[in-house]
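Here are my notes on this one, written as numbered points. Have the model open while you read.

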Amino acid sequence: MTAPLSPTLTAQAAMIDARYILPFETAQDADHPRMGGKCASLARMIAMGVPVPRGFAVATDAYAAHLAAGGLNAAIRAQLSHLDTHNVTDEEARSQAIRQLVNDRAMPPEVEAAIRAAYALMAPADDLPVAVRSSATAEDMPDASFAGQQDTYLWVVGADEVVAKVRACWSSLFTARAMSYRADHDLGQIEVLMAVAVQEMVDARSAGVAMTLDPINGDRTKIVIDASWGLGESVVSGEITPDNFLVEKVLMQVQKRKISVKTHEIIADPAARCTVDREVEADRQSQPSLSDDEVIAVAQLARRLEKAIGGPQDLEWAIDRQGRLVALQCRPETVWSQKKAAPQSFAMGIEGVLGTLMAPIQNKN
Amino acid sequence: MTARTSFPSAYDLAAPAGAEAWRDLYPYYLMFADNRRAEEDGKFWFCDSQHWPNPFKPFDAVTVEYAVKCLGQYNTRHYLVPPANGVDFRIHNGYVYMSPVGVAPENIGPRVPQFMDRAGHYFMNWNSLLDQWLVKVKANIAEMEALRFDDLPEVVPVEWVKEGRGLDNTVPLSEAYDKAIQLLYRTWNYHFEFLNLGYAAYLDFFGFMKSQFPTISDQSIAKMVQGVDSDLFRPDDELKKLAKLAVSSGLAAHLSAGSVDQVLAAMAGSDAGRAWVAAWEGAKDPWFNFTSGNGFYSDDKYWIEHLDIPMGYIRDYAARVQKGDEIDRPTAQIAAERDRITAEYRDLLDAEAQGAFDGKLGLARTVFPYVENHNFYIEHWSMSVFWRKMRELSALFHRAGFWENADDMFYLNRNEVRDALFDLGMGWGVGAPATGPTYWPAEIKRRKAILAALQSAPPQPALNTPPAVITEPFTIMLWGITTDAVQKWLVGSSDSTKLEGMAASPGVVEGRARVIRSASDLGLIQEGEILVTPVTAPSWAPVFGKIKATVTDIGGMMSHAAIVCREYGLPAVTGTGTASSTIKTGQMLRVDGTTGEVTILSAA
């Protein structure tokens, strides 16, 4: 349950073009700014010994090289110079145009070669399914509420597809929403850089999210887990009502189990080289997607990350068909953690005891 | 089932058939009197079946009288607890009902300085005062032990005559009785010297934790405070030591020799065996002054008078040792777990709150050992000696022909015993027959019938209309009675296969129920069963090695069942209200000590 899925990439580091590729397993702290938040978090978890599917970051330098090549930068600037983020129609049209510019342009050959070589190390037969996800840089993503605005591609197979999806991720920087967000926050449109995560797919039996506090009330003694069958995307997107588990963090006890009817799951279709959203067999719909032992294992993983990183965390996890638990993403919880607690004062000793005896009377009035 | 908003009035609760004359058994000042109806019906009373689950014999009422009076005096007169006086109490149909007495709002403030001075002194000097307490209690016990109830001789000893004593033998006899009652009174004064303050300091930590972590379980808080080495566990630990000694000395076979005397005789045949007997004798005083009851009833059985009980437990333990079981409480693990969860919760607090956490936990841990330990010194040791002495007196009367059975004295109230003593002494002095032998047997027979009739009807959980919110600190602290609990009593349960109580000790197990109504049935418990009972006593500890879980009708997070179950790592659900009457022996149960839910899975 705890063994990492991946063999180490360390020995293969020599074959990696370090200008553009940063394998999760060998990335150093100094590399993190070039990896984007998501990849940096994966690298950090691996360094802690947390099981994480192997993979690599396509560094921000790759994106920068792409923009710099063949006048793409100037073409985008031309579009941006007339951008009116208050005009929805105009913004959408310019978004389409820029995304097409980014997508249609061939990558600089050394960038594409670096991505292909890194993928080939993981997939010598060019057949390993990976997830390709955008990994935004910190300036672009001051809080996690912005997460999910950029694209994610699941079950991508073959170097050609990987390269195409990396480019698609880059282009997702220019969705209308992303541009509006940056405009609203006075972030430059073209100055913002993006990394891309290429990571081995987990053939998930069950997956979901875990928060190391109760999002309903900010209760830090709880870990709340949402889980469903198949890949976690169905949970994250809110397409189904997941099972919900409430775990007491310190005692590590499952205190509540809300088992939902989970009608659909997203799973791999290896033949079609894609994921499919299919109906779950009737008898499995109402079964818990996690055993109590698995709930505790997920909670312990979340707790371990919270302790190591410091502060409440929001974890995406999956359990593969062999029952192995892996972390897919971990980011700081942002809603409750940013609330400043009102300053408290405490009566101590006999004053405290007196207050306790008196409190019921005060309540009555 | 439709929800009601009030419990019945005592004045509308008729005696069960055959018990109509129950008022003859108890003092006038504990009755719901007809001429006080308006006042009495205006108060909310809850039944204390936690401490007094069964109707008591007239003499045994002394336990509730002394205990609850002394509880009150510390709030009202010693420490002047600002918002709370004592707890008023009545007996109705053989059960005791309690109603806390508040302080008028205008008097609360003026009591604060007094409370700070008086209670503050105790908190500041807790350990030295507690050392002193132990000395007082032990001296009190020694005085009780020294009491003698000698049969009246044919004539006053000639030495008494010649030394000009000028007193007869009824004088020391009646003085010994009066002294026993006074020493009992002192016992219950001492009992509450630290208890209310101890609970209040615990509650302060409890409330602080709830304010920081509103959903933290009561049991987590209890685990942080609860001690690992309590004198309350010592008697059971002594049995385990004796069991292990018997096994390691190759003497285990002797434990099956038969009666206690036969076992001791078999042991006496070797040096190792004699060493074992010496260890057994050494453990008896004081640790066998331990009851499988709760100390409040004259028929509670104390080990020291029923040596077959501890010997039976030793035999069971020895068998488990021979099987290779670890019988010791996992104290190192418990301590490590306590340290772990303490550190983890502390870690979740901000720096300011961590300071408060350290201070309040420190105070709670200082005071809490008393909350656990006092039970051994008072309910077990002191009451063991008291009841034993009273049985000696009862037997004396019995020999004098006052009653049919050796223990019948407990059908008299404590003041009637005084009368009977005079009756006995008068007959002896006058040289004419005492009246008792022709009066008491018939009266006792009548009282036994009344008590049997009272036993047939369970008490009401409460009387009259409850307050919208229970806020009285001692009701919550000492009895675990909360607004929720009272609402549940009112509504009752719609699902007869599910019971809810307090999640007192974590874990989930399934097993067969064993319903135990009194300590004398403890021997029926089979390995792996789930104990279902109105209330447990800590001295049932040896059976906790056999059972899988405990379910009680009564009790909160700090009830004896909860404490012992946490010590033994068994799931417990306490305060279900009705488990022992709803559940039948042999039914399959699921007990979830984490959520407080008990499910009846199948018929017996």
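1. Why does B:Asn464 count as buried? The reason is its neighbour count: B:Asn464 has 20 C-beta neighbours inside 10 Å, and a residue with 20 or more is called buried. This is a predicted model, by the way. The backbone at B:Asn464 deserves a look too, with a positive phi of about 70° although the residue is not a glycine. To find B:Asn464, go to the loop of chain B between β4 (462–463) and α17 (473–479).

2. B:Leu80 is another non-glycine residue with a positive phi, near 55°. B:Leu80 sits in the loop between α2 (61–78) and β2 (84–92) of chain B. Buried or exposed? B:Leu80 counts as buried, because it has 23 C-beta neighbours inside 10 Å.

3. Next, a peptide bond to check. B:Asp285 and B:Pro286 are joined in cis, with omega about 10°. What makes me pause is the location: B:Pro286 belongs to helix α11 (residues 271–287) of chain B.

4. So how does the length of α11(B) come out? At 1.5 Å a residue, the 17 residues of α11(B) should span 24 Å, and the end C-alpha atoms are indeed 24 Å apart, so expectation and model agree.

5. Staying with α11(B), the buried residues are B:Gly273, B:Trp276, B:Trp280, B:Ala283 and B:Trp287. They fall on the same side of α11(B), because they cover an arc of only 80° around the axis. The general background is that an α-helix has 3.6 residues a turn, so residues three or four places apart point the same way. The face of α11(B) turned away from that buried side carries exposed residues: B:Asp271, B:Ala278, B:Glu281, B:Gly282 and B:Asp285. Note that B:Asp285, on this exposed face, is also a partner in the cis bond of point 3. As for what covers the buried residues of α11(B), the cover includes α9 (234–248) and α10 (260–267) of chain B.

6. Now the strands. In chain B, β1 (residues 45–47) and β3 (residues 95–102) pair in the antiparallel sense over two bridges, and B:Cys47 stands opposite B:Tyr97 in β3(B). β3(B) also pairs with β2(B), again antiparallel, over seven bridges. Here B:Val87 stands opposite B:Pro100 in β3(B). Which residue in the turn between β2(B) and β3(B) has a positive phi? The two strands form a hairpin with two residues between them, and B:Asn93 in the turn has a positive phi of about 50°.

7. On to the contact between the chains. How many residues does each chain give? Chain B contributes 39 residues and chain A 26 residues. On the side of chain B that touches chain A, the elements giving two or more residues are α3 (105–124), α7 (195–212), α13 (331–347) and α14 (351–399). The largest share, seven residues, comes from α3(B). By class, this side of chain B has 24 nonpolar, nine polar and six charged residues.

8. α7(B), one of the elements in that contact, is mostly covered, with 15 of its 18 residues buried. Its length raises no flag: the 18 residues should span 26 Å at 1.5 Å a residue, and the end C-alpha atoms of α7(B) are 26 Å apart, which agrees.

9. A few overall figures for chain B. There are 21 helices and 12 strands, and the C-alpha trace spans about 80 × 70 × 55 Å along its principal axes. For 604 residues a compact globule would have a radius of gyration near 25 Å, and chain B has 25 Å, so the rule is met. Of the 604 residues, 49% count as buried. Among contacts in chain B between residues at least 6 apart in sequence, 69% join residues at least 24 apart.

10. And for chain A: 11 helices and 13 strands, with a C-alpha trace of about 75 × 45 × 40 Å along the principal axes. The radius of gyration of chain A is 23 Å, which agrees with the value near 21 Å for a compact globule of 365 residues. Buried residues make up 44% of the 365 in chain A. Of the contacts in chain A with a separation of 6 or more, 68% come from residues 24 or more positions apart.

Key
Residues are numbered from 1 along each chain as its sequence is written. Chains are lettered from A and ligands numbered from 1 in the order in which they are written. This is a predicted model: local features need pLDDT of at least 70, side-chain atom pairs count only at pLDDT 80 or more; totals for chains, interfaces and linings use all residues. Helices (H or I, at least four residues) and strands (E, at least two) are DSSP runs, numbered from the N terminus. A residue is buried if 20 or more other C-beta atoms lie within 10 Å of its own, exposed if 12 or fewer, and partly exposed in between; C-beta atoms are placed from the backbone. The radius of gyration is taken over C-alpha atoms; the globule rule is 2.2 Å times the number of residues to the power 0.38. Two residues are in contact if their C-beta atoms, placed from the backbone, lie within 7 Å. Ala, Val, Leu, Ile, Met, Phe, Trp, Tyr, Cys and Pro count as nonpolar, Asp, Glu, Lys and Arg as charged, and the others, Gly among them, as polar. The expected span of a helix is 1.5 Å times one less than its number of residues. The arc is that of the directions from the helix axis to the C-beta atoms. Two strands pair if DSSP finds at least two bridges between them.
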